[in-house]
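The following exercises are to be worked through with the sequence and the structure at hand. Each task is followed by a solution in steps.

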Amino acid sequence: MTSTVEPEVGRARLRKEDARLITGRTRWTDNITLPGLLHMAILRSPVAHARITNIDTSEARESSGVLAVVTGADLADEQGSLPCAWPITEDMKAPDAPSLAVDTVNFAGEAVAVVVARSSYEAHDALDAIDVDYEDLPVVLDMQEAIADGADLVHPGLGTNSSATWIFDSGEAGSGGNVDEALGQGEVVVERTFRQQRLIPAFMEPRSVVVDPTGEQITMWSATQIPHILRLMLAMTLGLPEHKVRVIAPDVGGGFGGKLQVTPEEVISLLVARKLGRPVKYTESRSESLQSAHHGRDQIQKLTMSARRDGTITGLKVDLLADMGAYLRLVTPGVPILGAFMFNAIYKIPAYRFTCTNVFTNKTPTDAYRGAGRPEATFAIERMMDEVAVELGMEPLELREKNWIKHEEFPFTTVSTLTYDSGNYEAATEKAKELFGYDALRAEQAERRAQGDPVQLGIGISTFTEMCGLAPSRVLGSLSYGAGGWEHAAVRMLPTGKVEVVTGSSPHGQGHETAWSQIVADQLGVPFDDVEVLHGDTQSSHKGLDTYGSRSLTVGAMAVLKAGAKVIEKARTVAAHMMECSPDDLEFAHGKFTVKGTDSSTGIQDVALAVFAAHDLPDGVEPSLDSEATFDPENFSFPHGTHLCAAEVDTETGAVRLRSYVSVDDVGAVVNPLIVEGQVHGGLAQGIAQALFEEAVHDESGTLTTGTLVDYLVPSAADLPSFTTDRTETRSTTNELGVKGVGEAGTIASTPAVVNAIVDAVRHLGVNDIEMPCTPMRVWQAIHGGAR
Amino acid sequence: MIPASFEYTAPSTVDEAVRALADAGEDAKVLGGGQSLLPVLRMRLAAPTALIDLGKIDEMRGVREDGDSLVIGAMTTHYDVQRDSLVAEHAALLARATDTVADPQVRHRGTFGGSIAHADSAGDLLAPVLALDAEMVVAGANGRRTVPASEFFVDYFTTAMDPSEILVEVRVPKHSGWHAHYEKFNRVAQAWSIVAVGAAVRVENTSIAEAKVGLTNMAATPVRARAVEEALVGQPATPDSIRAAAAHAAEGTSPTSDGNADVEYRQHLARTLTGRAINTAVSA
């Protein structure tokens with residue numbers, strides 16, 4: 001028996017799951033094949049808003065290899081309405097959301113009919129033979145027009161395009177002052193409107209689902225982030241007995257919130273498979289994915305901020321319009337509401353009001369996308385801090401420092417009522433400035449301006465925080481969310497001393513198998529390789545709330561630790577019996593129970609064998625080292641950091657080049673620095689992509705014109721600078737490991753850093769904002785707007 | 001998505017390919033490296049009844065000299081063009097433009113002739129081929145014929161080739177000792193050009209003796225910036241005179257407007273990038 005002495009936690013281990021994920025020699029859903037498997041293809045609406053007057057499937061039914069052609073009318077009695085788990089207000093308006101359109105289509109890409117055939121080729125051939133008659137209805141695309149009087153309606157039955165209005169007011173909540181008074185008395189008042197363009201999650205593995213209706217349970221494999229929630233929602237939506245449904249998320253290739261969904265495709269696959277009594281597979285194409293999987297962001301943000309001349313911020317008013325798209329999906333209405341708690345960011349803002357109106361349009365539904373509400377808020381506040389600094393003639397970092405929560409002021413309860421447990425904004429900022437060479441770059445910027453260099457330099461700042469580790473169940477309850485925020489785990493020590501960890505988190509690229517193994521190896525004092533992490537199958541992992549909102553480590557791993565502690569306590573009783581001492585006389589370290597003050601010890605892995613044999617257990621002790629635990633966090637975690645970006649703007653072409661990018665993140669204690677680094681790099685790429693590259697564009701008919709990766713520009717390494725990443729470590733005080741989340745930090749922080757840098761580069765040319773993405777044409781037009 | 005069904009033939013000579021194409025009828029398509037055709041098939045934007053795959057025809061690969069010309073086989077991959085020593089010596093502009101085509105994977109599969117026959121006006125090889133006064137050798141039922149680049153590109157995705165003809169090779173007059181640069185402007189590395197400029201310049205002493213400038217994505221076909229070329233001849237190879245000549249770059253262009261660039265911005269880019277292309281060429 002060996003025991004690990006050098007701690008696993010903190011080691012930059014290569015991820016144990018990478019070989020199979022990178023080579024694809026694994027169970028991606030689309031790799032799964034079953035006896036008698038049928039293939040489904042989906043006909044999607046080419047128009048954004050229309051009445052379906054006729055669907056002629058006769059020719060398609062005769063097509064080679066076709067077993068069934070199914071329309072919405074065929075499923076109308078059983079498909080129910082896709083679930084929305086977040087009714088943000090009591091009077092929220094929610095349309096019926098069929099998986100397969102019945103009478104009308106409300107966005108281009110909505111599923112209209114499906115073909116099931118012996119091969120995928122034959123299914124696609126038959127799609128071409130389906131004839132649908134559409135009677136055009138007025139298309140609603142613009143949020144502001146949508147809520148104007150007399151606007152055409154997406155869902156006439158609702159009588160309005162406004163789904164709900166949600167308000168937080170610090171005066172009413174008692175957490176701060178009256179914002180109207182603050183703004184009225186402001187020595188400086190700045191108002192800006194920012195646009196969060198619509199984005200597409202663009203996960204690498206397209207969505208895929210296999211349903212096997214044979215056998216006692218219906219089994220669904222799905223490329224999903226949320227197998228547990230999906231099982232529950234399928235049961236509730238379709239009236240299936242929950243115990244008759246098994247959901248498996250096998251290896252899943254990315255999600256970014258895009259697979260935090262109960263999808264029409266999953267429901268249709270299940271119903272069609274059940275109808276035919278045979279297993280059915282559906283895998284979307286990239287184009288279908290971009291058009292039909294839920295989109296993200298899409299808000300118009302109006303901010304008004306007041307400050308005293310000395311730079312003290314006195315009030316902030318936020319008015320949002322948030323585009324729901326055509327339907328409310330799983331958490332669509334709540335996404336902008338998550339931002340409500342983040343507009344005040346790291347700053348001490350004495351008066352605050354947030355108002356958000358959720359609006360229907362004839363576009364693909366929006367929902368969670370990496371950061372979900374918090375990137376939007378962070379972008380707006382960090383852009384605003386720069387604008388207010390300019391108005392005040394202050395250095396933007398100085399304005400931030402004047403207003404942020406000081407290190408010694410934690411824990412700090414903010415104007416939006418969250419209590420930040422810890423943080424050290426001074427330390428992160430100081431480190432970032434040094435790595436960045438802040439003063440030298442400011443000097444170079446001044447010199448280039450003075451010389452009229454065609455390539456101007458700008459410095460962008462983002463001192464961000466985020467709330468993650470979703471979430472304390474009672475807080476979710478207070479926000480009318482339909483579920484809790486706990487997580488479940490089991491730890492089982494096998495007879496040979498090997499360990500199975502079952503987690504209710506559902507990794508889709510995050511590296512849970514490696515990180516959880518490191519944590520448990522330390523806790524139980526067993527080798528890293530002796531730990532296996534099981535996840536994503538409601539049969540083996542029967543209980544969980546899955547992975548999103550940077551919650552897995554701060555919530556899911558805490559459940560693992562809690563279960564592991566129970567294993568140790570069970571083993572302690574047996575070890576004491578074996579060593580003929582009292583359990584209280586034993587101390588446990590590095591996998592060994594040692595009698596205090598002696599060198600007499602027994603390894604936990606030896607105890608495991610003794611428990612299995614059960615020949616000589618103390619009275620009343622079960623022969624089991626299995627334990628389960630459920631952890632409900634008491635608070636969110638609040639990662640923070642300072643990101644600095646140097647952007648060169650070619651004033652002759654509008655091209656932007658990121659010259660350097662420094663991120664200093666404080667994610668608390670770190671389990672695996674390599675995984676943290678990977679999350680930060682990926683997050684930065686995704687946040688920079690919003691600033692510079694990505695945008696889902698619809699034409700005036702509501703057709704997505706960025707429906708392929710030729711037009712929807714996901715950047716590659718060639719388009720990004722080398723990142724300089726570093727960390728400060730302020731341990732979270734709300735969990736045992738001192739960890740915070742890291743999955744969303746890079747995305748949240750980087751977008752404003754980049755746009756601030758671009759605006760800073762050309763501000764002296766009369767520019768104070770550039771709409772995202774900051775394309776070369778937009779930058780060039782902003783610079784030359786007046787003179788053209 | 002996956003393509004509709006089609007017949008597939010992979011002949012081993014040009015003559016066989018021409019016959020196969022004739023036999024397959026008018027709904028057949030020729031498959032080169034597949035980097036443009038396969039996505040079109042997979043998205044079912046086209047459903048040809050037959051594909052004639054040129055990938056097994058050895059005589060269509062490689063670069064050779066023929067007197068004052070280089071002859072580049074149509075099935076030579078971008079990767080091979082980039083690294084070919086004859087291209088580097090006698091037609092450096094082609095190598096520089098090829099460097100910018102898509103990404104390494106595409107350059108390993110995609111072919112020189114395939115790009116030209118596809119005739120996407122945003123493709124990067126058309127303007128250099130036009131600027132260097134290349135000739136396309138095409139084979140059909142009636143034998144081979146040669147079409148100058150100036151007549152080859154007819155419209156968006158349309159060439160002077162008959163659907164029954166195959167582009168066999170491209171003859172490029174040697175431009176030995178010319179300075180060349182291809183200035184490409186796009187938003188992400190693997191994308192098509194928003195605008196690009198290919199410039200080849202012969203410098204005598206310190207003056208520009210000859211200049212050839214081709215514009216990518218400034219019309220339905222590649223465009224020669226003739227006014228720039230004329231303005232450059234006899235001028236000193238200095239930034240000022242080059243900038244002055246480049247100011248003519250948008251003359252005679254008719255670019256489209258899209259999300260990346262409207263007409264005004266494209267024409268501005270053409271002028272700016274032309275100046276940069278020539279400046280970089282002469283400084284090389």
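**Exercise 1.** Which residue in strand 21 of chain A stands opposite Val499(A)?

*Solution.* The model is predicted: local features need pLDDT of at least 70, side-chain atom pairs count only at pLDDT 80 or more, and totals for chains, interfaces and linings use all residues. Residues are numbered from 1 along each chain as its sequence is written, while chains are lettered from A and ligands numbered from 1 in the order in which they are written.

Step 1. Strands (E, at least two residues) and helices (H or I, at least four) are DSSP runs, numbered from the N terminus. Strand 20 of chain A covers residues 499–503.
Step 2. Strands 20 and 21 of chain A pair in the parallel sense over five bridges; pairing requires that DSSP finds at least two bridges between two strands.
Step 3. The residue facing Val499(A) is Val531(A).

**Exercise 2.** Place this pair in its sheet in chain A.

*Solution.*
Step 1. The open sheet has four strands, ordered 21-20-19-25 in chain A, with mixed pairing.
Step 2. Strand 21 (531–535) and strand 25 (626–631) of chain A each have a single partner strand, so each edge strand has one side without a neighbour in the sheet.
Step 3. From one strand to the next, the twist averages 20°.

**Exercise 3.** Describe how helix 18 of chain A packs on helix 19 of chain A.

*Solution.*
Step 1. Two packed helices are described by the angle between their axes and the distance between the axes.
Step 2. The axes of helix 18 (residues 552–579) and helix 19 (residues 604–613) of chain A come within 10 Å and cross at roughly 85°. Axes are lines fitted to C-alpha atoms, for helices over the stretch in contact, and angles run from 0 to 180 degrees between N-to-C directions.
Step 3. Helix 18 and helix 19 of chain A are therefore roughly perpendicular (65 to 115 degrees).
Step 4. Ala571(A), Val574(A), Ala575(A) and Met578(A) of helix 18 meet Ile604(A), Val607(A), Ala610(A) and Val611(A) of helix 19; contact means C-beta atoms, placed from the backbone, within 7 Å.
Step 5. This contact has eight nonpolar residues, no polar and no charged. Ala, Val, Leu, Ile, Met, Phe, Trp, Tyr, Cys and Pro count as nonpolar, Asp, Glu, Lys and Arg as charged, and the others, Gly among them, as polar.

**Exercise 4.** Characterise the side of chain B that touches chain A.

*Solution.*
Step 1. The contact joins 18 residues of chain B to 19 residues of chain A.
Step 2. Helix 12 (residues 263–283) of chain B gives the most to chain B's side, with three residues.
Step 3. That side of chain B divides into eleven nonpolar, five polar and two charged residues.

Key. Parallel < 35°, antiparallel > 145°, perpendicular 65-115°, else oblique. Contact = placed C-beta atoms within 7 Å.
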